Structure formats: C-alpha cells, structure tokens
Amino acid sequence: MMHLPDPDAAVLLDRSGRLTAAARTLADHCPPDPLTTAQQLTDELTNWTLMLAHVPARGETARAHALLHTVIAPQQLRLCRLLRGSTVHWPTPSRALEADLPAHDVERYTATTAPARRPDLRIAARRSRQWSRELAVEAAARWGTVCRGGLHDEIGTLLNARDGGRTA
C-alpha cells in the first residue's frame, strides 16, 4: 500500500535509472479491496477495543493511552477512509484528515483522543468503542461484512463498569 504521488521527488540519486523506474510504479494509487479490508479492520478494531477495555483495569493508563492512539485510532481512520472512498493517504491515515474527510468524521476522531489521564481516557475509550461499532455497522451494510454487535455491547458494558456505569 505504498504510494508516491511524485516519484521523481522521492528519488535523490539514481545513476542507472532503475530506481526511478521502480519508484514510478508506485505513482498509481491502488485502493485496498473494500470487502476484505473492511472485514479485517472491523475484526481488528473489535479485538483491540476489547483489550482497551481491560488494560486500564490493571492500572496501565499510559498503555491504554498508547493503545488508543497508536493502534485503534489509525485502524478507525482507515476504515473511515475506506467507507468514504478516500484512501490516497492509506499508509498514514491521519495525513490531510481535515481536507480528505467530512467534518463530522474529523469530529468523531477528535472525540476519541485524550490526554494520558485516567478519567479522560475512560471517556475517549467509550467514544472510540461507539465509533468503531458504527463504522463496523456501516461496513456491514455496504459490503456484507460481519459486525459482532453482541461483542461490542459486552465491551461497552466493560468500559462503563470501569467508570462506575457512567456513559459518555
């Protein structure tokens, strides 16, 4: 899924011309296959969100923060980009986010981020789980992927129980 929009600018030195020729093959954007990619992202998001529901209970606030921002958020953005037909920045899904995606998706993403403070992470984790579920439901409606709604509900129960039952 590498894409070089300007391969000539990416090659600094090429004495034989072979590197430039190889780089030019990366100039054409090849979007991911929607069905298989959506299913994979949906399953991975569910798995990682389940882990997120358990990590803070062990007192690992920094780990929960890292999990939310470095593992879950990029997958959510990829699934969102896939659903919106905006996969040009696939390797770095946050790149040009504000220009590539509708404002409501940018707001959803922003609501799933938080500083590494326990109360803020609880809120962001619940919002993240809800957005992941909504993206999974949208993918299922569009491509017939499997959405594990019952598991998402169980994860939501775990996240709410960790916070005294309060909801976001």
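These are my notebook entries on helix packing, the nonpolar core and the salt bridges of a predicted model.

**Entry 1: helices α7 and α8**

I began with a general point, that two packed helices are described by the angle between their axes and the distance between the axes. For helix α7, which covers residues 118–143, and helix α8, which covers residues 149–161, I found an angle of about 170 degrees and axes 10 Å apart. Angles over 145 degrees count as roughly antiparallel, and α7 and α8 are therefore roughly antiparallel to each other. I then listed the residues that make the contact: α7 brings A125, R126, R129, S132 and R133, while α8 brings G149, H152, D153, I155, G156, L159 and N160. Sorted by class, the residues of this contact of α7 with α8 are 3 nonpolar, 5 polar and 4 charged.

**Entry 2: helices α6 and α7**

Next I looked up the pair α6 and α7, whose axes come within 8 Å and cross at roughly 140 degrees. I noted that α6 and α7 are therefore oblique to each other. On the α6 side I found D105, R108, Y109 and A111, and these meet A124, R127, Q130, W131 and E134 in α7. The contact of α6 with α7 has 4 nonpolar, 1 polar and 4 charged residues.

**Entry 3: the nonpolar core**

I kept in mind that, in soluble globular proteins, nonpolar side chains tend to be buried together. In this model the largest nonpolar core has 28 residues, and those with the most contacts inside it are L52, L68, I72, L79 and L135. I asked myself which helices each supply at least two residues of this core. I found that α3 (34–54), α4 (61–84), α7 and α8 each do so, and that the largest share, 9 residues, comes from α4.

I then picked out L79 and, leaving out residues up to four places away in sequence, wrote down that L79 touches A38, L41, T42, L45, L135, A136 and A139.

**Entry 4: two residues of helix α3**

Is T49 buried or exposed? T49, whose place is in helix α3, has a relative accessible area of 1% and is buried. Not counting neighbours within four places in sequence, I found T49 in contact with I72, R129, S132 and I155. I72 is also one of the residues with the most contacts inside the largest nonpolar core, and R129, S132 and I155 also take part in the contact of α7 with α8.

N47 is found in helix α3 too, but I noted it as partly exposed, at 48% relative accessibility. I also looked up how far N47 lies from S16: the two are 31 residues apart along the chain, and their C-alpha atoms are separated by 47 Å.

**Entry 5: salt bridges**

I started from the general idea that side chains of opposite charge can pair when their charged atoms come close. The structure holds 10 salt bridges, and I followed up some of them.

One of them joins R148 and D43, with the closest N and O atoms 3.3 Å apart. This pair links distant parts of the chain, with R148 in the loop between α7 and α8 and D43 in helix α3, 105 residues apart. I noted R148 as partly exposed, with a relative accessible area of 37%, and D43 as partly exposed at 30% relative accessibility.

Another joins D105 and R84, where the closest N and O atoms are 2.6 Å apart. This pair also links distant parts of the chain, since D105 sits in helix α6 (residues 103–111) and R84 in helix α4, 21 residues apart. Here I saw a contrast in exposure, for D105 counts as buried at 2% relative accessibility, whereas R84 is partly exposed at 27%.

I also looked up R142 and E138, whose side chains meet in a salt bridge at 3.6 Å, N to O. Both lie in helix α7, and being 4 residues apart they are separated by about one helical turn. R142 is partly exposed, with a relative accessible area of 43%, and E138 is partly exposed at 27% relative accessibility.

Which residues are linked in a network of salt bridges? I found R84, D105, E138 and R142 in it.

Notes
Residues are numbered from 1 along each chain as its sequence is written. This is a predicted model: local features need pLDDT of at least 70, side-chain atom pairs count only at pLDDT 80 or more; totals for chains, interfaces and linings use all residues. Side-chain values use heavy atoms; hydrogens and water are left out. Axes are lines fitted to C-alpha atoms, for helices over the stretch in contact, and angles run from 0 to 180 degrees between N-to-C directions. Angles under 35 degrees count as roughly parallel, over 145 as roughly antiparallel, 65 to 115 as roughly perpendicular and the rest as oblique. Contact means heavy atoms within 4.5 Å. Ala, Val, Leu, Ile, Met, Phe, Trp, Tyr, Cys and Pro count as nonpolar, Asp, Glu, Lys and Arg as charged, and the others, Gly among them, as polar. A nonpolar core is a set of buried Ala, Val, Leu, Ile, Met, Phe, Trp, Tyr and Cys residues joined through side-chain atoms within 4.5 Å. Buried means under 20% relative accessible area, exposed over 50%, partly exposed in between (1.4 Å probe, protein chains only). A salt bridge is a side-chain nitrogen of Lys or Arg within 4 Å of a carboxyl oxygen of Asp or Glu.
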